[in-house]
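Me: I should like to learn how to read the features of a structural model. May we take them one at a time, beginning with a single residue and its surroundings?

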Amino acid sequence: MRSAVPTYTRIEVEPGLRQIILIEIVFPMVLLLLGISTGLLQVLFRSGVIRAPSFLGMNYYQGLTLHGVINAIVFTTFFAVAFGHAVVRFFLNKPLPLGVQWLSLILMVGGTLAAAIPMLAGKATVLYTFYPPLRAHPAFYFGLVAVVIGSWIGFFGWIPAYRSWHRENPGVKTPLGVLGIFATFILWIIATIPVAIEIVFLLIPWSLGWVKTVNVPLARMLFWFFGHPLVYFWLMPALVMYYVMLPKVAGGKLYSDFAGRFAFLWLLVFSAPVGLHHQFMEPGISSSWKFVQTVFTMLVAVPSLVTAFTITASMEHAARQRGGHGLFGWWTKLPYVDRDRWLFAYLFAGLISFFVGGITGIINASYSMDAVVHNTAWLPAHFHQMVAGPVFLAFIGGSLLLVSTLTGKEIVMKGLNVWVPWIWTFGILIFSLGLFVGGLSGEPRRTNMGLTYTNPASPLYQPTWQFARIVGTIGGVIMFLAAVLFFIIFFGTLFSKKRTAGALELPYSELVHDEDVPAVQSFRPWLVGAVILLAVAYTGPFIELAQQHFPGSPPYIPSSPLAQPNK
Ligand code: HAS
């Protein structure tokens with residue numbers, strides 16, 4: 001089979017679809033103003049700059065909940081759907097059913113607002129993992145369900161275009177970007193089934209007061225069954241940008257089409273049967289099953305290593321087209337701060353933190369080393385390298401690209417724009433250095449340390465943690481400043497004068513190697529593999545939990561060690 005490389009670079013899209021994509025980009029971007037500000041609040045609370053349970057009426061845990069839910073769940077899901085619309089519409093060049101996509105959007109916006117109200121009112125202070133026995137107002141859970149169903153509907157709306165394109169193009173491979181987006185959303189469906197079971201059968205009846213207690217270990221296992229593929233649901237749209245766009249904006253071609261397809265399909269199989277690596281330290285699950293899922297965890301790192309190789313080879317190809325030579329000399333010829341190839345800076349800067357986050361992920365996945373770092377500040381250091389690194393930078397870069405092309409507006413302050421990802425990445429590296437070092441000395445995550453460990457007036461004060469804390473705080477403030485610069489550029493562009501007619505214009509790479517490997521041209525065998533591995537990985541752990549009869553738990557709130565009455 002051959003690859004379909006479009007001959008166009010720009011297409012007109014239906015005004016309805018353009019509106020939908022723009023709302024899906026701008027609405028979460030407005031919420032992100034709060035999501036990023038609550039991030040700054042976190043570092044100020046933890047460093048002891050703020051030594052109080054609340055600031056401006058915002059409790060520490062309430063701020064942490066808003067920070068996690070907005071940044072990691074709402075912003076990412078909206079972007080994945082909006083970007084999916086753009087990629088499917090562009091590469092298949094087929095209209096999407098607008099009624100279906102409006103329904104998807106309405107559910108996602110309605111669900112977000114329903115969840116936001118109790119969070120803002122302090123009635124859903126449960127953090128982004130919403131583990132029981134922390135309990136939220138029912139509207140929070142119903143809101144999350146609506147967001148997820150809305151995102152499913154968005155995906156279902158792409159299927160007719162996909163089928164019709166295949167009918168019209170027999171013997172042609174699905175465009176790589178479309179394959180990546182479909183793999184992302186098939187994984188999303190697999191991932192959200194267990195969390196739907198958790199929310200619908202355990203959390204909603206409990207939060208409505210229909211049942212008095214909740215089965216915490218079962219809820220946590222269902223959550224992490226969802227929670228690990230969730231992180232790949234975040235990463236995969238970014239990988240679409242790495243494979244499809246980065247080689248082009250670097251000035252070259254994608255080194256291997258096969259590598260891209262393999263990475264997406266491998267992630268589809270191995271992202272879900274690994275949730276227990278988040279539960280290494282938990283009782284009720286035997287070490288045999290933890291070991292099985294550790295093996296799968298090492299296998300889920302394979303596509304990231306494949307990506308590291310393929311993207312480096314693609315960049316080398318680009319650099320050599322631009323006059324680069326020598327074994328390492330070609331690195332100097334990449335457009336790191338080229339304002340007209342600004343997207344390269346967003347994607348490349350993300351690779352730097354991907355590298356650090358990846359190494360630390362392998363450390364977490366090693367049972368005995370995880371015992372040292374679990375639930376310490378090391379963990380937010382690892383995941384900020386990943387989620388706030390390649391994922392966030394690709395998503396904000398992608399948002400800027402879509403807003404500018406769909407509205408026909410020029411990006412404002414282009415010279416500054418190309419520096420934003422570098423300042424942000426510099427901030428993450430410093431922020432994470434502080435958290436890695438603090439974590440190794442025992443600094444806990446999810447703790448308002450300004451009240452205790454960083455407060456000299458407290459008997460719990462830890463002077464040896466202060467250096468790491470100061471480093472982490474400086475990094476967090478730099479990240480915040482980079483985000484402010486980005487918001488100025490994003491909203492400045494959005495509200496600037498239109499220069500051309502809006503259209504969908506995406507950079508896409510041609511191929512150095514267009515391998516014909518039938519194994520990566522169909523989802524079917526990979527889906528069968530995914531189902532088999534899930535059965536292997538999870539049947540035993542669920543049976544073990546069922547045999548242990550853990551007592552149910554009443555609700556708790558972050559500000560009290562006492563069980564709360566269940567009304
Ligand atoms: Fe993770 C916890 C293991 C990848 C996100 N992870 C988390 C949490 C989040 C998260 C959010 O085994 C915390 C959840 C919570 O709230 O409790 N993670 C891994 C492993 C990988 C990994 C083995 N994580 C990710 C990705 C994430 C993410 C991707 C988001 C997008 N993680 C864990 C474990 C825990 C965990 C445990 C639980 C620990 C505990 O105790 O709770 C791997 O898949 C990583 C593979 C990646 C690589 C890197 C390849 C390098 C690349 C860059 C190349 C750079 C170039 C540029 C070419 C092997 C692609 C040149 C630049 C240079 C600097 C040279």
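Reply: Let us begin with contacts between residues that are not sequence neighbours. Leaving aside the neighbours within four places in sequence, Ala501 touches Arg10 and Gly408. Please bear in mind that this is a predicted model.

Me: Where does Ala501 lie in the secondary structure, and is Ala501 buried or exposed?

Reply: Ala501 sits in the loop between helix 16 (466–494) and strand 7 (504–505). Its relative accessible area is 47%, and because this value falls between the 20% and 50% cut-offs, Ala501 is classed as partly exposed. Thr405 gives a view of separation: Ala501 and Thr405 are 96 residues apart in sequence, yet 8.8 Å apart in space, C-alpha to C-alpha.

Me: What share of the contacts between residues at least 6 apart in sequence joins residues at least 24 apart?

Reply: For the protein, the share is 83%. Burial can be read at the level of the chain too: 61% of the 567 residues count as buried.

Me: How many helices and strands does the protein have, and how is its overall size to be judged?

Reply: There are 17 helices and eight strands. The radius of gyration is 23 Å, close to the 24 Å that the globule rule gives for 567 residues, so the protein is as compact as a globular protein of that length. The C-alpha trace spans about 65 × 45 × 45 Å along its principal axes.

Me: Which protein donor serves the iron atom of the ligand?

Reply: To read a metal site, one looks for the donor atoms and their distances. Here the only protein donor of the iron atom is NE2 of His382, at 2.3 Å. His382 belongs to helix 13 (residues 378–407).

Me: Which residues other than glycine have a positive phi?

Reply: Leu56 is one of them, with phi near 50°, and Asn375 is another, with phi near 60°. Leu56 is in the loop between strand 3 (54–55) and strand 4 (58–59); Asn375 is in the loop between helix 12 (367–373) and helix 13. Their exposure is classed separately: Leu56, at 81% relative accessibility, counts as exposed, whereas Asn375, at 44%, is partly exposed.

Me: Where is a cis peptide bond found?

Reply: One reads the omega angle of the bond. The bond from Pro132 to Pro133 is cis, with omega near 10°, and Pro133 lies in the loop between helix 3 (98–120) and helix 4 (138–156).

Technical notes
Residues numbered from 1 in each chain as written. Predicted model: local features only at pLDDT ≥ 70, side-chain atom pairs only at ≥ 80, totals over all residues. Heavy atoms only, no water. Helix = DSSP H or I, 4+ residues; strand = E, 2+ residues; numbered from the N terminus. Rg over C-alpha atoms; globule rule 2.2 N^0.38 Å. Buried < 20%, exposed > 50% of the residue type's maximum accessible area, 1.4 Å probe, protein only. Contact = heavy atoms within 4.5 Å. Donors = N, O, S within 2.8 Å, 3.2 Å for Na, K, Ca; no water.
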